[in-house]
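Here is a friendly briefing on side-chain contacts, ring pairs and a pocket. Keep the viewer open and follow along as the topics come up.

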Amino acid sequence: MNKLTWFKKNLFSTWYNSLLTIFCLVIIFSIVKGCLFWAFNQAQWQVIQVNIHLFLVGRFPKSLYWRIWIVLGIIITLSGITWSVFTKKPNIIKQRFSQFIIPFLAPIWLLSFAINIWLIGGGFGLQSVSTNLWNGLLLTLLMAVISIVLSFPIGVLLALGRTSNLFIIRWFSILYIEIVRGLPLIGILFIAQVMLPLFLPADLRLDRLIRGIAGLVLFSAAYMAENVRGGLQSIPRGQAEAAKALGLNTPFVVILIILPQALRAVIPAIVGQFIGLFKDTSLLSLVGLVELTGIARSILAQPQFLGRYAEVYIFIGLIYWVFCYSMSLASRRLEKQFSN
């Protein structure tokens with residue numbers, strides 16, 4: 001079917017479809033024309049140009065930007081290696097490289113994560129940087145990555161606990177999941193920031209960053225557990241019975257047989273949860289953490305940029321979209337790779 005036939009069949013098949021198509025095209029043209037006119041003639045993009053460093057790294061010391069570049073280089077390098085490993089393997093050299101590197105990927109990522117935190121925060125031979133100076137996109141990515149890394153295994157354990165035959169473990173998991181899912185995230189963040197210190201000893205003061213991470217992890221883990229539980233329920237019981245008949249005990253059956261298939265079945269739901277968690281970091285600005293949305297509010301408070309809401313929020317919206325779409329693209333690629 002050529003393009004002309006497709007247009008005729010889908011857009012101009014009848015007289016009322018033709019009128020509706022023309023009407024929609026006029027509306028779209030008017031909206032696009034108005035947006036382009038505003039963007040090139042009325043918008044004042046100086047607010048982005050002048051404050052780009054605040055959007056990206058906040059008040060992080062300029063003399064220590066080299067640390068951020070090293071962190072970025074580490075992440076890009078490991079992401080490229082990981083992406084190449086989980087794509088199609090056209091030749092024997094790449095296939096052997098993938099077989100060699102896959103067992104080491106998770107430990108390397110965990111090690112790089114610790115190194116990146118050390119580079120950003122300092123200590124152990126490097127100049128320390130207070131967490132109050134971790135702002136903007138840097139803080140958003142840091143909170144999202146840590147929360148994703150911690151909430152995923154907790155969610156898997158809760159899902160396994162909810163399907164467990166042990167009464168105490170099953171009901172503890174059910175109570176935790178249902179209670180947390182019944183609370184709004186902003187409420188959990190306020191509990192973590194305001195009420196949690198009241199239950200701790202007077203000489204133990206957790207950093208606001210840690211409390212924010214705790215709130216995100218506790219909230220996300222409950223939803224992650226339900227996503228994983230859906231995958232566990234999709235696996236036929238016969239597979240577990242066949243594995244036990246071959247001599248595998250229950251932990252190995254779960255780890256080697258059930259869990260990999262369950263996680264593969266719910267990749268879209270899991271990544272959707274990760275995307276939601278990444279966007280939920282914007283609520284941290286309401287509890288005193290100056291992440292990307294919080295730094296945008298600070299920039300809009302500058303006298304020379306009062307009223308420049310559209311430019312600022314379009315810019316940070318574009319940043320959120322780029323990262324969320326990247327995760328969605330990686331999810332589709334991973335799902336396609338596993339389906340082959």
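Is E178 buried, partly exposed or exposed? With a relative accessibility of 39%, E178 counts as partly exposed, because the partly exposed class runs between the 20% and 50% limits. Please keep in mind that this is a predicted model. The residue is a good way into the charged contacts, since R162 and E178 form a salt bridge.

**Salt bridges**

- Searching the whole structure turns up five salt bridges.
- In the bridge between R162 and E178, the closest N and O atoms lie 2.9 Å apart. This pair connects distant parts of the chain, with R162 in helix α7 (residues 136-162) and E178 in helix α8 (residues 167-181), 16 residues apart.
- R162 also has a salt bridge to E226, at 3.0 Å from N to O. Here helix α7, which holds R162, is linked to helix α10 (residues 208-233), which holds E226, and the two residues are 64 apart along the chain.
- E226 in turn meets R181 in a salt bridge with an N to O distance of 3.5 Å. Because E226 belongs to helix α10 and R181 to helix α8, the pair ties together parts 45 residues apart in sequence.
- Taken together, a network of salt bridges links R162, E178, R181, E226 and R229.

**How accessible the charged residues are**

- R162 has a relative accessibility of 16% and therefore counts as buried, as the limit for that class is under 20%.
- E226 is buried too, with a relative accessible area of 16%.
- R181, at 34% relative accessible area, is partly exposed.
- R181 has a further contact to look at: its charged end sits over the ring of Y223, 5.4 Å from the ring centre.

**Aromatic pairs**

- Two values are worth having at hand here, as an aromatic ring pair is described by the distance of the centres and the angle of the planes.
- The structure contains eight aromatic pairs. One of them joins W38 and W45, whose ring centres are 5.7 Å apart and whose planes meet at 75°, so this pair is edge-to-face.
- Both partners are partly exposed: W38 has a relative accessible area of 23%, and W45 has one of 34%.
- F152 and F274 also make an edge-to-face pair, with 6.4 Å from centre to centre and 65° between the planes. The two rings link distant parts of the chain, as F152 sits in helix α7 and F274 in helix α13 (residues 267-280), 122 residues apart.
- F152 is partly exposed at 27% relative accessible area, whereas F274 is buried at 15%.
- Elsewhere, ring pairs join F278, Y320 and F323 into a cluster.

**The second largest pocket**

- A probe the size of a water molecule, rolled over the atoms, shows where empty space is left.
- The second largest pocket holds about 730 Å³ of space.
- Its lining consists of 18 residues, and those nearest the pocket centre are T163, A240, T250, V254 and I258. Two or more lining residues come from each of α10, α11 (237-245) and α12 (250-265).
- Which element gives the largest share of the lining of this second largest pocket? The answer is α12, with six residues.
- By class, the lining is made up of ten nonpolar, five polar and three charged residues.
- Helix α10 appears in two of these topics: it contributes to this lining, and it also carries E226, which is bridged to R162.

**A backbone point to check**

- Most residues other than glycine have a negative phi.
- F124 has a positive phi, near 55°, although it is not a glycine.
- Where is the place of F124? F124 is found in the loop between α6 (92-121) and α7.
- F124 is exposed, with a relative accessible area of 81%.

Conventions. Residues are numbered from 1 along each chain as its sequence is written. This is a predicted model: local features need pLDDT of at least 70, side-chain atom pairs count only at pLDDT 80 or more; totals for chains, interfaces and linings use all residues. Side-chain values use heavy atoms; hydrogens and water are left out. A salt bridge is a side-chain nitrogen of Lys or Arg within 4 Å of a carboxyl oxygen of Asp or Glu. Helices (H or I, at least four residues) and strands (E, at least two) are DSSP runs, numbered from the N terminus. Buried means under 20% relative accessible area, exposed over 50%, partly exposed in between (1.4 Å probe, protein chains only). Rings of Phe, Tyr and Trp (its six-membered ring) pair if their centres lie within 6.5 Å; planes under 30 degrees apart count as stacked, over 60 as edge-to-face and the rest as tilted. A charge sits over a ring if NZ of Lys or CZ of Arg is within 6 Å of the ring centre and within 35 degrees of the ring normal. On a 1 Å grid over the protein atoms alone, a cavity is a set of points where a 1.4 Å probe fits but cannot get out, and a pocket is an open set with protein on both sides within 12 Å along at least five of seven lines; lining residues have an atom within 4 Å of a point. Grid points are joined across faces, edges and corners, and a volume is the space filled by probe spheres set on the points. Ala, Val, Leu, Ile, Met, Phe, Trp, Tyr, Cys and Pro count as nonpolar, Asp, Glu, Lys and Arg as charged, and the others, Gly among them, as polar.
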